[in-house]
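Opening the notebook on this one. I want to go through the side-chain pairings, the charges and the odd backbone angles, and jot down what turns up.

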Amino acid sequence: MGEFQELLRGVVHPWHHDHFGHMNVRHYAPFFDDASYHLWTVLDISYRDMMEAHGIHCVTAQATTNFIRELSAGDLIRIDGAVTRVGSKSVSFHLRMFNADTGLLHATYDMVEVFFDPESRRSTFMPPEIRAELEDALVEID
């Protein structure tokens, strides 16, 4: 059974604010997207290695953000993530954004990544050795 891994730390800047005085929803996506790239490396499955060994990579097929509480300029964030489902051609991840100072949860991000053959431009089955790594990293969430 896997566990959540820290993926990214960042800071909320004034330019992230909207007219309501908090970080606008459009700015959560880049933080979560950057964290998702790190997730693969933390799992010891880099995109570069996946391309070199198998000629494939992953693309995001679905991403859902759940906004829980506001963030403001000066807030420090910490994002962690984990594998929550392994399919035949896809994998699901759950990422969480916390205030690094208070530990409060501010947002979650659920994503589905599909294994993709860049030559055929179609989804493809995940290689068995990658499946084994992902299955070892699985966590259960409520």
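**Charge network**

I started with the charges and found Arg78, Asp80 and Arg96 linked in a network of salt bridges. Worth writing down early: this is a predicted model, and everything below is read from it.

I took the network apart one bridge at a time. Arg96 and Asp80 form a salt bridge, with 2.7 Å between the closest N and O atoms. That pair links distant parts of the chain, as Arg96 is in strand 4 (residues 90-99) and Asp80 in strand 3 (residues 76-86), 16 residues apart. Asp80 also bridges to Arg78, where the closest N and O atoms are 3.8 Å apart.

Are Asp80 and Arg78 buried or exposed? I looked: both Asp80 and Arg78 are buried. For Asp80 the relative accessibility is 5%. Arg96 comes out as partly exposed, at 23%; the cut-off matters here, because buried means under 20%.

Arg96 has another partner on my list. It lies over the face of Phe4, 3.6 Å from the ring centre.

**Other salt bridges**

How many salt bridges does a search of the whole structure find? I get five. One of them joins the side chains of Arg48 and Asp49, at 3.7 Å from N to O. I checked accessibility here too: Arg48 is exposed, with a relative accessible area of 57%, and Asp49 is partly exposed, at 37%.

**A buried acid without a bridge**

Next I went to Glu113, which lies in strand 5 (residues 105-117). Glu113 is buried yet has no salt bridge. Side chains of opposite charge can pair when their charged atoms come close. So I asked how far away the nearest side chain of opposite charge is from Glu113. It belongs to Arg85 and is 11 Å away. A salt bridge needs the nitrogen within 4 Å of a carboxyl oxygen, so that distance rules one out.

What does the side chain of Glu113 make a polar contact with? I found the side chain of Trp40, at 3.3 Å. A second entry under Glu113 is a polar contact of 2.4 Å to the side chain of Thr60.

I also listed what Glu113 touches, leaving out residues up to four places away in sequence. Among them are Cys58, Val59, Ser90 and Val91, along with Tyr47 and Phe93. Lys89 is in the list of contacts as well. I looked up Lys89 separately and found its charged end sitting over the ring of Phe125, 4.7 Å from the centre.

**Rings**

Trp40 and Tyr47 were both among the contacts of Glu113, which sent me to the aromatics. A search of the whole structure gives six aromatic pairs. I noted Tyr37 and Tyr47 as an edge-to-face pair, 5.6 Å centre to centre with 70° between the planes. This pair links distant parts of the chain: Tyr37 is in helix 1 (residues 28-42) and Tyr47 in helix 2 (residues 47-54), 10 residues apart. Both are partly exposed, Tyr37 with a relative accessible area of 47% and Tyr47 with 21%.

Tyr47 also pairs with Trp40, with ring centres 5.9 Å apart. Why is the pair of Trp40 and Tyr47 tilted? Their planes are at 40°, and tilted is what remains because under 30 degrees counts as stacked and over 60 as edge-to-face. Trp40 itself is buried, at 0% relative accessibility.

Stepping back, I traced the ring pairs further. They link Tyr37, Trp40, Tyr47, Phe93 and Phe115 into a cluster. Phe93 is thus on two of my lists, as a member of this cluster and as a contact of Glu113.

**Odd backbone angles**

Last lookup of the day. Most residues other than glycine have a negative phi. I wrote down two exceptions.

Asp44 is not a glycine, yet has a positive phi of about 65°. Where is Asp44? I place Asp44 in the loop between helix 1 and helix 2. It is exposed, with a relative accessible area of 65%.

Arg121 is the other entry, with a positive phi of about 60° and again not a glycine. I find Arg121 in the loop between strand 5 and strand 6 (122-123). Arg121 counts as exposed, at 57% relative accessibility.

Note on methods
Residues are numbered from 1 along each chain as its sequence is written. This is a predicted model: local features need pLDDT of at least 70, side-chain atom pairs count only at pLDDT 80 or more; totals for chains, interfaces and linings use all residues. Side-chain values use heavy atoms; hydrogens and water are left out. Rings of Phe, Tyr and Trp (its six-membered ring) pair if their centres lie within 6.5 Å; planes under 30 degrees apart count as stacked, over 60 as edge-to-face and the rest as tilted. Helices (H or I, at least four residues) and strands (E, at least two) are DSSP runs, numbered from the N terminus. Buried means under 20% relative accessible area, exposed over 50%, partly exposed in between (1.4 Å probe, protein chains only). A charge sits over a ring if NZ of Lys or CZ of Arg is within 6 Å of the ring centre and within 35 degrees of the ring normal. Lys and Arg count as positive and Asp and Glu as negative; His and the chain ends are not counted. A polar contact is a pair of N or O atoms within 3.5 Å; within protein, one must be able to donate a hydrogen and the other to accept it, and residues adjacent in sequence count only if both atoms are side-chain atoms. Contact means heavy atoms within 4.5 Å.
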